[in-house]
Amino acid sequence: MDSARSLKSKSKFLKFFNSLKKEDKVAVFAHAGCVDGIISSFFIDKILERQGIKNKKISFISYKKEVFEEVSEIINDFGANKVIILDINVENVDFKGFIAFSKKYDFLFVDHHPKPPELKASEKIIKSVGDDCTAFLVYIFGENIFDSKKFDWLVRAAMVSEFSFKSKENLDFIKEKY
């Protein structure tokens, strides 16, 4: 699997967002009660706004067994045709459910949790392999879509909460502001 900050990963991210049409209904799911999940979904909302997507639903989900049944129910009730999953450690929560979900929906999955060997590489999956949190990935991949500089302080808060400062490069980025 390629490094999440590679051009290939950014290309996956942009390909998904470039495929969106104004009439699409987009469901976004992020980890509840987690700074990284909340901030990454905020950045996704800004990207969707910039692209003129008005039909969107952002949901925060807690880790629990068979969570993707709940996710599917929300998607179907809302009538979403595009789905974004952020900062969900699917491998340890509901891997079987995620695999079934991935065969059913047009989605993008951006996450920083370790990738298990069973998770196959896909154009729809971006997994960080280092100390980058999900919010930082969304921030850098979407920087030309939304006014990311306006929120440089916010991405740094997510990075601190997720211990992204463990890498020297990320620590230097955080220190540029603080």
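User: In this predicted model, what makes the approach of the Asp-94 side chain to the backbone nitrogen of Gly-97 a polar contact?

Analyst: The distance. The Asp-94 side chain gets to the Gly-97 backbone nitrogen at 3.0 Å, and the cut-off for such an N or O pair is 3.5 Å, so it counts. There's also the backbone nitrogen of Phe-68, 3.0 Å from a polar atom of the Asp-94 side chain.

User: And why is Asp-94 said to have no salt bridge?

Analyst: Lys-96 is the nearest side chain of opposite charge, and it sits 7.7 Å away. A salt bridge has to be within 4 Å, so this pair doesn't make it. Asp-94 is buried all the same.

User: Where does Asp-94 sit, and what does it touch?

Analyst: It's in the loop between helix 4 (90-93) and helix 5 (95-104). Leaving out residues up to four places away in sequence, Asp-94 touches Glu-66, Val-67 and Phe-68.

User: Over to strand 3 (residues 82-86): why is it called mostly covered?

Analyst: Five of its five residues are buried, and buried means under 20% relative accessible area, so the label fits. Lys-82, Ile-84 and Leu-86 point one way, Val-83 and Ile-85 the other. That's the usual pattern, because side chains in a regular strand alternate between the two faces of the sheet.

User: How do you know that strand 3 pairs with strand 1 and with strand 4?

Analyst: Count bridges. Strand 1 (residues 26-31) and strand 3 run parallel and share five; strand 3 and strand 4 (residues 107-111), also parallel, share four. Pairing takes at least two, so both qualify. For instance, Ala-27 is partnered with Val-83, and Leu-86 with Val-110.

Definitions and conventions. Residues numbered from 1 in each chain as written. Predicted model: local features only at pLDDT ≥ 70, side-chain atom pairs only at ≥ 80, totals over all residues. Heavy atoms only, no water. Helix = DSSP H or I, 4+ residues; strand = E, 2+ residues; numbered from the N terminus. Buried < 20%, exposed > 50% of the residue type's maximum accessible area, 1.4 Å probe, protein only. Lys, Arg positive; Asp, Glu negative; His and termini not counted. Polar contact = N/O pair within 3.5 Å; in protein donor to acceptor, adjacent residues only side chain to side chain. Contact = heavy atoms within 4.5 Å.
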